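Colleague: Could you take me through this structure and tell me what stands behind each of the terms that you use?

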Amino acid sequence: MPNRYCTATSTGKGFVTHQDRNDFYLSGNGGVWIIGPNANGTDNLKASAWLSRVSATIKTKAEAQAIVDAEIAAGQARWDAYADDDARKQEPRPEEITLP
Amino acid sequence: MGTYKGIQGESVEVLASDPSPTQAHVGKLWYNTTAGAFKIATEGSGAWAAGTNYPNGSQYGGSAGTSQNAALAWQGDSDLNPTPGAMKAAFSYDGSTWTQTPTMNRDGGSYTFGAGTSTSALAGSYYRSSPAANMSSSEEYNGTAWAAGNDLTDDQALRNGCGTQTAALTAGGRTITAPSGPITGYVEHYDGTTWTESTALTTARIGIGAHNGTQTASLAICGATNPGSVSVTNVESWNGTSWTAGTVVNTSRYLGGASGTSALALTYGGKASGTYTANTEEWNGTGWTEIADLTTARGNSGSAGTTNTDAILISGSSAAEEYNASVEEWTSPVYTVKTVTVS
C-alpha cells in the first residue's frame, strides 16, 4: 500500500490529535495531506478513520502534486514580483517540492 | 500467579466513561460499563497535534509564553496585510482560544523577537516597511496593555530572544534595509529598563532559534550566516558571561521554533535555503536527537514553551503557503486509553 493523498481543511484544535500522529504517518502542505501506510505496507485503519473524520477528499498522487505545484508557483510569482528592496526578496525563492 | 489487586493494591475500577489519561493512569486497568470493555492507559512518544488556528496567517512575527496553554504572538506580515511590517496586532492563547490584545504601539513590525510570558512579555526590534527601516524600539505587555520600553543599542532585525520581560537576552541579527548589511553576532541584555551590549556570539547569525533558557543560561540554536540564506547547525551555549561552541544539531535551519532551557531543549521546523523542515530535535544536555516531525514543515513561525515537553508553534509559512495560520502543539509523552482485547 503506497502513501495516500487527500485535501482537507484544517479546522484547528482536534483536526489532528497527538494520538493521530502516533497512530499513523501524516504530513501536510498547502491543504494537501499525505498519509503513510503501516510499517508492513498495509492500509492503516486509524488513518482511514481520520480521513472520514476530517471529511477528506481523496486525491491521486498526481493530483496532489499538481495542487502543491500550483501553490508553489504562486509563491514563486509573488517572490518574483517583490521589489528588490523588499525585505522578503532577501529570502530564498520558494523551491519546488516532490511529494513522497 | 499474582492478581491485579495484589499487584496494584486495588481492584479493577468500574467506570461509566474513560478518564482523561495522565501519568497516574499508566498501567491501570478499568472496566468501562458504557463500552462494555476493559481499558488501560499507556504512555507513548511525544507528538505534535493541531492547535486552534491563529486568527490570520502571519510570518516573521514575534512570540512569548510558557506553554501551549499560555502563549502570546504578534503579527509579522500577514494575509490580512502582506506588506512587511504593516501589522501591529497581537493575540494571546489559552490552549483553546486566541484573544486579541490591545494594539501594539509600534507602527507595524516584522522580523521581530519576543521574550517573557503571555502576561508579562517583551517585544523587541522590528522591520518597518514604510518608510523602510529597522527599528530598535522595544515594548512591554503586562497582560492588559502594551507600553513602550527603551530602545535597543543596535537597530538589528531577525534577532532571537529569551528570558523574561525584566531579564531578557537577544542575539544575532542584521540590518534588513541594506541588502549588503552585515549579519552580526551582536548580543544585548535587558534589565527591564536598559539594554546593554554583551559578549558577541562566536558565529554571527540571523534567525536563531529563540526561547531557550534565561538571560544567564541559554542556547543559540542554528540560524543563517548569509542572507541567501545559508543555514547552519551551530549551537552556542551562554552562561551569562561567555559563549561556548556546543554540540551541533542534525538538521541545519534558520527561523525555526525552539523551546525549553539550556539543559533540556527542543528545536523544530525552520528553513534551509528555499525549503522548509518539519524536523524536531531534542537536546538532553548531552546530544541532539531527532524525535518527531511537525505535521507541516514550515518556518518564520512564532514559538513558545519553557520545557521540552510542552511547546507551541504558531503560524508561519510553508512551501505551499506563504501565510499558514495553523498551530501545532507539542506534548511529550502522550497518554492514551486503549481497549484490552480478551480472547
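What follows is a conversation about the contact between chains, a nonpolar core and some paired strands.

Modeller: This is a predicted model, in which local features need pLDDT of at least 70 and side-chain atom pairs count only at pLDDT 80 or more, while totals for chains, interfaces and linings use all residues. Residues are numbered from 1 along each chain as its sequence is written, and chains are lettered from A and ligands numbered from 1 in the order in which they are written.

Colleague: What makes a residue part of the contact between chain A and chain B, and how many residues does each chain give?

Modeller: Two residues are in contact if their C-beta atoms, placed from the backbone, lie within 7 Å, and the contact takes 32 residues from chain A and 37 residues from chain B. On the side of chain B that touches chain A, strands S4 (47–50) and S31 (334–340) each supply at least two residues, and the largest share, 4 residues, comes from S4(B); strands here are DSSP runs of E with at least two residues, numbered from the N terminus.

Colleague: Which residues touch the most other members of the largest nonpolar core, and what makes it a core?

Modeller: They are B:Ala71, B:Ala73, B:Tyr111 and B:Ile221, in a core of 93 residues. A nonpolar core is a set of buried Ala, Val, Leu, Ile, Met, Phe, Trp, Tyr and Cys residues joined through C-beta atoms within 7 Å, where buried requires 20 or more other C-beta atoms within 10 Å of the residue's own. Beyond its neighbours within four places in sequence, B:Ala71 is in contact with residues including B:Tyr93, B:Ala304 and B:Ile312.

Colleague: How do you know that S6(B) and S7(B) pair?

Modeller: Two strands pair if DSSP finds at least two bridges between them, and 5 bridges join S6(B) to S7 (residues 70–74) of chain B, so these antiparallel strands count as paired. Within this pair, B:Ala64 stands opposite B:Leu72. Both strands belong to an open sheet of 4 strands with the order S6-S7-S9-S10 in chain B.

Colleague: Why are S6 (62–67) and S10 (98–100) of chain B called edge strands?

Modeller: Each of these edge strands pairs on one side only.

Colleague: What joins S12(B) to S13(B)?

Modeller: A hairpin joins them through 2 residues, and the two strands pair in the antiparallel sense over 8 bridges. B:Glu140 in S13(B) stands opposite B:Leu122 and also opposite B:Ala147 in S14(B). Between S13(B) and S14(B), which likewise form a hairpin, there are 4 residues, and B:Gly143 in the turn has a positive phi of about 95°.

Conventions:
A residue is buried if 20 or more other C-beta atoms lie within 10 Å of its own, exposed if 12 or fewer, and partly exposed in between; C-beta atoms are placed from the backbone.
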